[in-house]
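Me: Here is a model with a ligand. Walk me through the site where the ligand sits.

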Amino acid sequence: MTQITDHLTKVRERVANAASVAGRDADSITIVAVSKKQPTAAIIAAYESGQRDFGENFVQEAIGKIETLDLTGVRWHFIGHVQGNKTKDIARYFDWVHTVDRLKIAQRLSDQRPHYAAPLNICIQVNLAEEPQKSGIPASELATLATQLRLLPRLRLRGLMTIPPADADLVTVRKLFGGLRHLKEQLMQRGFELDTLSMGMSADLEIAVQSGSTMVRIGTAIFGARS
Ligand SMILES: *Cc1c(COP(=O)(O)O)cnc(C)c1O
């Protein structure tokens, strides 16, 4: 598990270098450690190295870990596909949901967010490459969904998230990340107060940081291959 500490140090260095190239403050970028399919010992190792943001994709797996670990000061990010029958658990256990792409889901998350908890932080997932099988709304529907989300009292719309196609080359990835940044700026011109661009994974975090990412979601570069 000491490997995880080394890996985390390397990822922090990659973020810092990319930020410096882009003339940005590295502190403006949050590393979300994606711990799906990783054992709790791996999460503890990262936690002990100062990591506080963790991303999970599968609700049942995540709840098991969240309850067992009971770590103070951790922010749990849901980054998987949101199913309608899982919204109650997501609203209860998570601090962030990066993958909201339809009103129905957003309404349920708002209705089911416990009264004792702060509003749930939300990113709208945009399917920029318009891949048919992929979650996320097309860019053309973003403004409508954002406007509807603004009316939901227990949600706080923070920004946008995207996942480039798995086979996209770096030029395409850069274009897509730039596109997401542009969409965020357009919403801000319409009066939305957004501070988050959730983009960048292990293989493309430098491009993401140079394109304005504020949250990179890093799995394998921290934890190694998933079981
Ligand atoms: C698994 C996953 C990641 C992490 O990917 P790595 O390539 O392992 O860094 C990031 N974002 C989402 C949405 C994921 O599902």
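**The ligand site**

Me: Which pocket does the ligand sit in?
Reply: This is a predicted model, where local features need pLDDT of at least 70, side-chain atom pairs count only at pLDDT 80 or more, and totals for chains, interfaces and linings use all residues. Residues are numbered from 1 along each chain as its sequence is written, and side-chain values use heavy atoms, with hydrogens and water left out. "Sits in" means that more than half of the ligand's atoms lie within 2 Å of the pocket's grid points. By that test, the ligand is in the largest pocket.

Me: Which residues come nearest the ligand?
Reply: A residue counts as near if one of its heavy atoms lies within 4 Å. There are 13 residues around the ligand. Those that come nearest are K36, N57, S202, G219 and T220.

Me: How far is the polar side-chain atom of R217 from a nitrogen atom of the ligand?
Reply: A polar contact here is a pair of N or O atoms within 3.5 Å. The side chain of S202 has an N or O atom 2.5 Å from a ligand oxygen. T220 uses a backbone N or O atom, 2.8 Å from an oxygen of the ligand. For R217 and the ligand nitrogen, the distance is 2.9 Å.

Me: What share of the ligand's exposed area does the protein bury?
Reply: Areas come from the Shrake-Rupley method with a 1.4 Å probe. Alone, the ligand exposes 390 Å². The protein's share of cover is 87%.

Technical notes: Polar contact = N/O pair within 3.5 Å; in protein donor to acceptor, adjacent residues only side chain to side chain. 1 Å grid on protein atoms, 1.4 Å probe; cavity = no way out; pocket = protein on both sides within 12 Å on 5 of 7 lines; lining within 4 Å.
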